[in-house]
Amino acid sequence: MEQLGSVLFIALDGDPPADLDLDLLPDASAVAARVKAAFEPFMAPSATFAAGCDGEVIPPEAGLFLVYAFGHAWLSAGEPQTAIKAGSGSRLLVADELFRWLVPATAADRTILVLDCCHAAAFDSCVADPHIPRLIVYASGRDEKAISLHGDQASRLSLALGSQLTPRAATLFGRQLSRSTPVDLVHAIGEVARYLDRDTVLTGQTVDYRMNGRAIFLSRSHDAAAGGREGAVARIRSILIGGGATAAILLVSLGWSYWSHVLIEIDLAGLPTIAKDIRVTASEEDPSINSSRVFDERGISGNRVRVWAPASNVLIRIDGQYADGSNRALAFHLDLQRGFDPRTKVMSLALPPATAVTAHPGMAFVPATAWFHGLDSASRSTESSYWIDIRPPTVASYLAVAQRLMSEGRMEPYDSYILQARQRSSAVEATGLGQLHELSKDLGKIFSIIEADSSEHVAAPGEIAQGLGELPCDTCPAPMMRAEAELYCLSRNLRLPTDLEWELAVRGVDGRVYPWGNRLDEARANLPGLPKVGASSPSLKPVDAYASERSPFGLVDTVGNAGDWVLAPYDRSYMGATYYHNPSDATSYQLLPITDETSTIREITARCVDGPQVNP
């Protein structure tokens with residue numbers, strides 16, 4: 001559990017441009033008082049609260065750093081701006097200047113930034129390293145006002161946060177919170193967002209957030225809450241000590257721990273013989289809020305490891321450095337249940353043998369397990385484990401394979417999207433008609449917008465004459481035709497995954513909608529959707545553009561960007577959607593068949609599997 005090491009309130013109260021007609025704000029000092037009251041119970045005993053900062057923002061040496069910015073913001077040429085008082089005048093701040101000032105690079109992973117202003121979500125596109133806070137909260141949508149209440153001398157967000165963080169008002173799974181209960185800050189913000197989104201006497205207000213690190217569980221100050229509680233416990237203990245109450249308290253504590261935890265024993269199956277610097281990372285997952293909280297992380301020296309895990313949604317990853325320099329993904333995703341049945345209190349797991357791990361560079365291990373499938377999260381189980389590629393091949397890595405397959409006579413240029421495109425593009429260049437590239441791209445943009453109104457599967461904005469345009473970037477996923485994808489996997493003595501194998505590897509066992517949880521987060525994948533008229537065309541991004549966003553079993557680049565071919569009842573089917581689908585369609589379970597033989601969809605790649613043979 002964590003506490004706030006410092007709280008800084010910043011008033012965005014500089015003079016806006018004269019031509020803007022902005023609402024009058026409540027006095028910033030009154031809002032600051034509301035913010036202090038809401039978060040003071042979670043401040044460490046040595047923590048400080050400050051309203052205003054004239055120079056460099058200095059984070060605390062330890063603990064979380066909460067920066068609450070309240071005031072005016074507006075859009076200028078579509079970009080967010082704000083202003084602060086500076087001496088006798090005002091200083092205009094654009095978005096990246098605001099982040100550089102309020103989010104110290106040395107403490108970004110400990111910083112919580114709240115932007116309580118109009119157009120708050122417009123600032124999101126300007127968040128960049130090294131000034132990316134661990135959590136950033138936006139009080140309003142990009143084109144929306146953040147409402148301030150003059151009668152209450154506060155903003156709606158500060159009032160709602162104060163109410164949600166008060167033990168009498170907040171509930172956790174329907175139970176009343178006590179003063180000793182830690183607060184899941186992201187969960188609290190989610191409740192605030194749901195409350196403020198309602199249309200009542202006042203119009204709804206869209207509160208959103210971006211999580212860039214592990215979950216935040218705030219514990220109340222030792223002096224304010226824990227001290228009183230422990231004092232009361234001490235007094236009761238002294239009264240009951242003669243009757244053996246200490247032993248009773250100990251037994252109750254042990255009983256609670258036994259009921260709510262499971263001991264997991266993992267056999268590493270010789271992994272230390274093929275890898276060094278082995279580490280285990282165990283986290284408690286909450287897909288409803290896209291949350292993952294690490295509760296155990298340590299190095300491993302022996303061939304067995306034990307994890308005392310909460311009986312809940314648990315993910316255990318085992319990482320190491322392999323002699324061949326390749327990456328592997330070894331993970332167990334578990335749905336653990338509370339109870340006193342001794343048969344459920346100890347779980348034994350085993351990694352595949354070291355020889356199998358060595359034989360699968362660049363692949364993820366998916367154990368046989370029970371899981372939830374499809375839109376309705378139907379319960380099912382897999383009988384056998386399998387391996388699946390962590391990443392699809394890039395254009396650069398696959399080009400050499402395609403050329404080898406062609407030289408071996410196993411594939412002709414017209415059987416490969418990449419070879420065909422290179423051949424035609426070279427022919428165009430050789431005839432001096434290079435200007436056709438730009439004309440083709442312009443026509444592609446026009447036709448893709450037209451098709452968007454009538455077709456679910458539209459051609460990606462780009463070339464209209466296949467082969468004239470340039471190939472995707474070298475590090476982008478390699479587009480393949482269906483037969484080409486099967487041949488690529490066969491050349492590696494592998495096969496395409498079934499739709500169920502792909503789904504389990506991407507969503508894990510808990511039935512989550514996306515690889516990261518149940519809430520759509522366009523910052524975690526290439527999901528821009530179809531372009532608006534006049535907007536720049538979206539395109540494929542590198543495979544590792546979102547390398548930190550892994551599925552529970554360790555897969556990268558699974559939804560959006562390029563789709564993955566799968567074996568399914570339809571001859572030509574893929575999953576994961578592509579970058580030009582609606583973001584809500586790019587789920588971990590949706591099967592997308594191609595029924596039009598003339599379809600121009602090319603943004604589909606291959607992710608191969610080593611597992612039991614299946615009937616296509």
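This note goes through the cysteines of a predicted model, taking the disulfides before the other cysteines.

1. Searching the whole structure gives two disulfides, and when the bonded cysteines of the protein are numbered in sequence order, the pairing reads 1-2, 3-4.

2. One disulfide joins Cys 473 to Cys 476, with an S to S distance of 2.1 Å. The torsion about this S-S bond is about 100°, so the link between Cys 473 and Cys 476 is right-handed. Cys 473 is partly exposed, because its relative accessibility is 32%, whereas Cys 476, with a relative accessible area of 0%, is buried.

3. The other disulfide is formed by Cys 489 and Cys 608, whose sulfur atoms lie 2.1 Å apart, and with -85° about the S-S bond the link of Cys 489 and Cys 608 is left-handed. This pair connects distant parts of the chain, 119 residues apart: Cys 489 sits in helix α11 (residues 482-491), while Cys 608 sits in the loop between β30 (604-605) and β31 (609-610).

4. As for the surroundings of the Cys 489 and Cys 608 link, Cys 489 has a relative accessible area of 0% and is therefore buried, and Cys 608, at 0% relative accessibility, likewise counts as buried.

5. Cys 53 has a relative accessibility of 22% and so counts as partly exposed. Cys 118 takes part in no disulfide, and the nearest cysteine sulfur, which belongs to Cys 117, is 7.0 Å away. Since a disulfide requires a pair of cysteine sulfur atoms within 2.5 Å, that distance of 7.0 Å leaves Cys 118 unpaired. Cys 118 is buried, with a relative accessible area of 16%.

How values were computed
Residues are numbered from 1 along each chain as its sequence is written. This is a predicted model: local features need pLDDT of at least 70, side-chain atom pairs count only at pLDDT 80 or more; totals for chains, interfaces and linings use all residues. Side-chain values use heavy atoms; hydrogens and water are left out. Buried means under 20% relative accessible area, exposed over 50%, partly exposed in between (1.4 Å probe, protein chains only). Helices (H or I, at least four residues) and strands (E, at least two) are DSSP runs, numbered from the N terminus.
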